Amino acid sequence: MIEVKNLVKDYGAVRALRGVSFTLERGHVYGLLGPNGAGKSTTMNIITGCLAATSGDAVINGHDVYSDAAAAKREIGYLPEIPPLYPEMTPKEYLTFVAKAKKIKCAATEAERVAALCGVTDVEGRLIRHLSKGYRQRVGIAAALVGDPENVILDEPTVGLDPKQIIEIRRLITSLKKDHTVVLSSHIMGEITAVCDHIIIIAEGEVVASGTVEELEGLREGVTLTVESSGDAEEVQNALSGVTGVTDVRCYPKGANTLASVATERGADARGAVFDAYVAAGLKIYGMTSSAHNLEDLFLRLTEEAAARRAEGDAGSPADAEKQGEEYKPVFSDEGGEDE
């Protein structure tokens, strides 16, 4: 279990995290979703003990990451966005090295176990620099699993992979949840919904939504009706004023006609009422279509609202903080490799 309580991180005058809190339990894949610069990597670096928080607590299976750092780190496997690989080693050599660094008694046996688990046994004798990016990601995940930590944290694990490699890594991540708590960070909604059963949306350094995919779907707005009709914008606005279930109307000229974007309440089917309102106003309808809002729409709305709140509050942002260079950014070779 991972417990994060009121994490705050300041970089000088810039507040990168603003009271981030959540609890992660075993047997789930959690998605930490947010735009670039939202504070995702800062949060994960604090959880893994790579970065100190200004205030707040991070507890891993009962071990505080600050006061009981050694015990807490034994409970975590971490894959940074750039896997910390040594390109002149083979996967077998590298995983054995990681196992020895973690003081695993039978290092070679543990290296064989995680290599088989992550599907890199067939390339374990090749130099890492000659592996495709997909295989290097697998080696990185295998390294995170050395010692069988209960909690596995993966930062953008599929970035830069081709579609086939992405599917393979997703399958691997999904298979881990039966024995681990898995945290997956990404700024791509499709990546998160493909493998995660619980999503935490973070924007401008704060959690703006948290829940299962089904629970977040319940936060979506209703459908939007697009109606092309006769009349000008004022006539359409007057016709739809006060119609039950309609929350917003925006009109645009389309030749001699008017195109209206009509937002409706969640759970409300306002098509009939909108049609009747047009007829009552003597306006001719030339077409009506409806489109449901998806989770990407929700994500955009929540992040835009967070940005607006931040703009009204102070000038700093997590993105500004990252530019100051204080956030932990491991630097390792990322040489190109041959495709497998």
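This briefing walks through a sheet, two helix pairs and one glycine in the structure above. The model is predicted. The chain holds 12 helices and 14 strands, and of its 340 residues, 46% count as buried. Looking at contacts between residues at least 6 apart in sequence, 71% join residues at least 24 apart.

**The four-stranded sheet**

- Let's start with the open sheet, where 4 strands line up in the order β2-β1-β4-β5 with antiparallel pairing.
- The edges belong to β2 (14–24) and β5, each with a single partner strand, so one side of each has no neighbour in the sheet.
- Further in, β1 (residues 2–11) pairs with β4 (residues 55–60) over 5 bridges, running antiparallel.
- Two spots help you find the register of that pairing: K5 sits opposite D57 in β4, and V4 has A58 of β4 as its bridge partner.
- If you're tracing side chains here, keep in mind that in a regular strand they alternate between the two faces of the sheet.

**The β4–β5 hairpin**

- On its way to the edge, β4 also pairs with β5 (residues 63–64), again in the antiparallel sense, this time over 2 bridges.
- For a landmark, V59 has D64 in β5 as its bridge partner.
- The hairpin leaves 2 residues between the strands, and N61 takes a positive phi near 50° there.

**Helices α3 and α4**

- Two packed helices are described by the angle between their axes and the distance between the axes.
- For α3 (residues 91–101) and α4 (residues 107–117), the axes come within 8 Å and cross at roughly 120°.
- An angle over 115 but not over 145 falls outside the perpendicular and antiparallel ranges, so α3 and α4 are oblique to each other.
- The crossing of α3 and α4 is right-handed.
- On the α3 side, the contact uses K92, L95, T96, A99 and K100, which meet A107, A108, E110, A111, V114 and A115 of α4.
- Sorted by class, the residues of that α3–α4 contact come out as 7 nonpolar, 1 polar and 3 charged.

**Helices α5 and α6**

- Next up are α5 (residues 133–145) and α6 (residues 163–176), which pack at an angle of about 15° with their axes 10 Å apart.
- Angles under 35 degrees count as roughly parallel, which is why α5 is described as roughly parallel to α6.
- The crossing of α5 and α6 is right-handed.
- From α5, the residues in the contact are G134, Q137, R138, I141 and L145, and they meet Q165, E168, I169, L172 and L176 in α6.
- The class split for α5 with α6 is 5 nonpolar, 3 polar and 2 charged residues.

**A closer look at G211**

- You'll find G211 in strand β10 (residues 206–211).
- G211 has a relative accessible area of 1%, so it's buried, given that the cut-off for buried is under 20%.
- Leaving out residues up to four places away in sequence, G211 touches H198, I199 and L216.
- The C-alpha atom of G211 is separated by 9.0 Å from that of I201, 10 residues apart along the chain.

Definitions and conventions. Residues are numbered from 1 along each chain as its sequence is written. This is a predicted model: local features need pLDDT of at least 70, side-chain atom pairs count only at pLDDT 80 or more; totals for chains, interfaces and linings use all residues. Side-chain values use heavy atoms; hydrogens and water are left out. Axes are lines fitted to C-alpha atoms, for helices over the stretch in contact, and angles run from 0 to 180 degrees between N-to-C directions. Angles under 35 degrees count as roughly parallel, over 145 as roughly antiparallel, 65 to 115 as roughly perpendicular and the rest as oblique. A crossing is left-handed if the near helix is turned anticlockwise from the far one by less than a right angle, and right-handed if clockwise. Contact means heavy atoms within 4.5 Å. Ala, Val, Leu, Ile, Met, Phe, Trp, Tyr, Cys and Pro count as nonpolar, Asp, Glu, Lys and Arg as charged, and the others, Gly among them, as polar. Two strands pair if DSSP finds at least two bridges between them. Buried means under 20% relative accessible area, exposed over 50%, partly exposed in between (1.4 Å probe, protein chains only).
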